Amino acid sequence: MASSSDEGAVLSVVKKRKRGFKSVEYKREHVKRGRVKGLEHINYASKVVAKKKIGNDCNFGRQQVCAKAFLNLHGVTKGRIRRLTSLLLLGRSPKDLRGKNTSGNATSGEVCILVEDHIRSYPTKKSHYSSREIEYLSERLNITLTHASFMEKYPDQQVSYWLYRKIFKERFSLSFGRPQIDTCCTCEQLSVRMKSPSLNDNAKRVAGAEFIVHKRRAKKFTKKMEYCSNLCKEDNETASICIDYMQNLHLPEIPVQEAFYLRQLNVNVFNIHNLSDNTAKLYIYHEGLAKKGPDEVC
């Protein structure tokens, strides 16, 4: 229970700075705010417009008054009275058209479409061993290089680096370079050998040759799988399947610190993918039932 002294205490609230605060104010915004709110401001002709002064309301019926006195009394201009009278004679009501014009700093939709098409023109790769599909570009690219390529292709378009980067970040889910979850043990081993300072030049050249052969074999396997997939779609009497183990699951999956230091049960996920209709079947079993050798699988 709080004491009486706590009830009279004054809490100090620290106001946080809001993100996105614009310190620069354009002249058209200053003029628009002053015209709408009736404040003193400087118009586009660099003339000082006085603050609007509205007098007390009076209701004496239809009376013929001085036009200049009427304008000064209600704080309106001749143009507004002329527009209202012309609309009244035509039997139409006035419409507020403020804020309908396109901002001078806005980027046209055609330029945004050009930027999006240019980003889509780069070839992408998809991850295979991740829990969700990830698309990534070549590790030799970055936003600076892609923006420079866009400016070379479209020199007439005034697209800044920050606009190109904003479209790339907000409208695409792409990254540069291969994700670490798609690493191959053979590729990593050969890469370490080629960069090792303890090996001589001959050993590094041998590792480089093995790395090139390994890459060619992997590319040949990928082309063979694509060929079988297209063949199954063209010929109904042909079938092709791919079998592989997915990433092992660990049980129990609990956020307790002691569980990380204890032995956990491995759960194997065996996948059979049918290339004909692009369907898959998963067989799940833990290491207490069987291992991952050929005798258990076959």
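In this predicted model, helices α2 (27-37) and α4 (78-90) each contribute at least two residues to a positive surface patch, whose members are K32, R35, K52, R80 and R83. K52 belongs to the loop that runs between β2 (48-49) and α3 (67-74). With a relative accessible area of 36%, K52 is partly exposed, and because a patch residue must have over 30% relative accessible area and no salt bridge, that value is sufficient on the side of accessibility.

Charges that do find partners come next. Side chains of opposite charge can pair when their charged atoms come close. Across the whole structure, a search finds 5 salt bridges, and one of them joins the side chains of R98 and D96 at 2.8 Å, N to O. R98 is partly exposed at 47% relative accessibility, and D96 is likewise partly exposed, at 47%.

Another salt bridge brings together the side chains of R171 and E116, with an N to O distance of 2.4 Å. Because R171 lies in helix α7 whereas E116 lies in helix α5 (residues 109-120), this pair ties together parts that are 55 residues apart in sequence. R171 counts as partly exposed, at 48% relative accessibility, while E116 counts as buried, at 14%.

Within helix α5, the side chains of D117 and R120 also meet in a salt bridge, here at 3.5 Å, N to O. These two residues are 3 residues apart in the helix, so about one helical turn separates D117 from R120. D117 is partly exposed, with a relative accessible area of 42%, whereas R120, with 52%, is exposed. Through salt bridges that share partners, E116, D117, R120 and R171 are joined into one network.

Helix α7 (residues 161-171) also contains F168, which is buried, with a relative accessible area of 3%. F168 and V115 are 53 residues apart in sequence, yet their C-alpha atoms are 8.5 Å apart in space.

Further along the chain, strands β8 (residues 265-274) and β9 (residues 279-286) pair in the antiparallel sense over 8 bridges. Within this pairing, N271 stands opposite L282 in β9. The two strands form a hairpin with 4 residues between them, and in the turn N278 has a positive phi of about 60 degrees. When following the side chains along such elements, it helps to recall that in a regular strand they alternate between the two faces of the sheet.

Methods: Residues are numbered from 1 along each chain as its sequence is written. This is a predicted model: local features need pLDDT of at least 70, side-chain atom pairs count only at pLDDT 80 or more; totals for chains, interfaces and linings use all residues. Side-chain values use heavy atoms; hydrogens and water are left out. Patches are made of residues with over 30% relative accessible area and no salt bridge: like charges are joined within 9 Å, nonpolar side chains (Val, Leu, Ile, Met, Phe, Trp, Tyr) within 5 Å. Accessible areas come from the Shrake-Rupley method with a 1.4 Å probe; for residues, only the protein chains shown count as cover. A salt bridge is a side-chain nitrogen of Lys or Arg within 4 Å of a carboxyl oxygen of Asp or Glu. Lys and Arg count as positive and Asp and Glu as negative; His and the chain ends are not counted. The place of a charge is taken as NZ of Lys, CZ of Arg, CG of Asp or CD of Glu. Buried means under 20% relative accessible area, exposed over 50%, partly exposed in between (1.4 Å probe, protein chains only). Two strands pair if DSSP finds at least two bridges between them.
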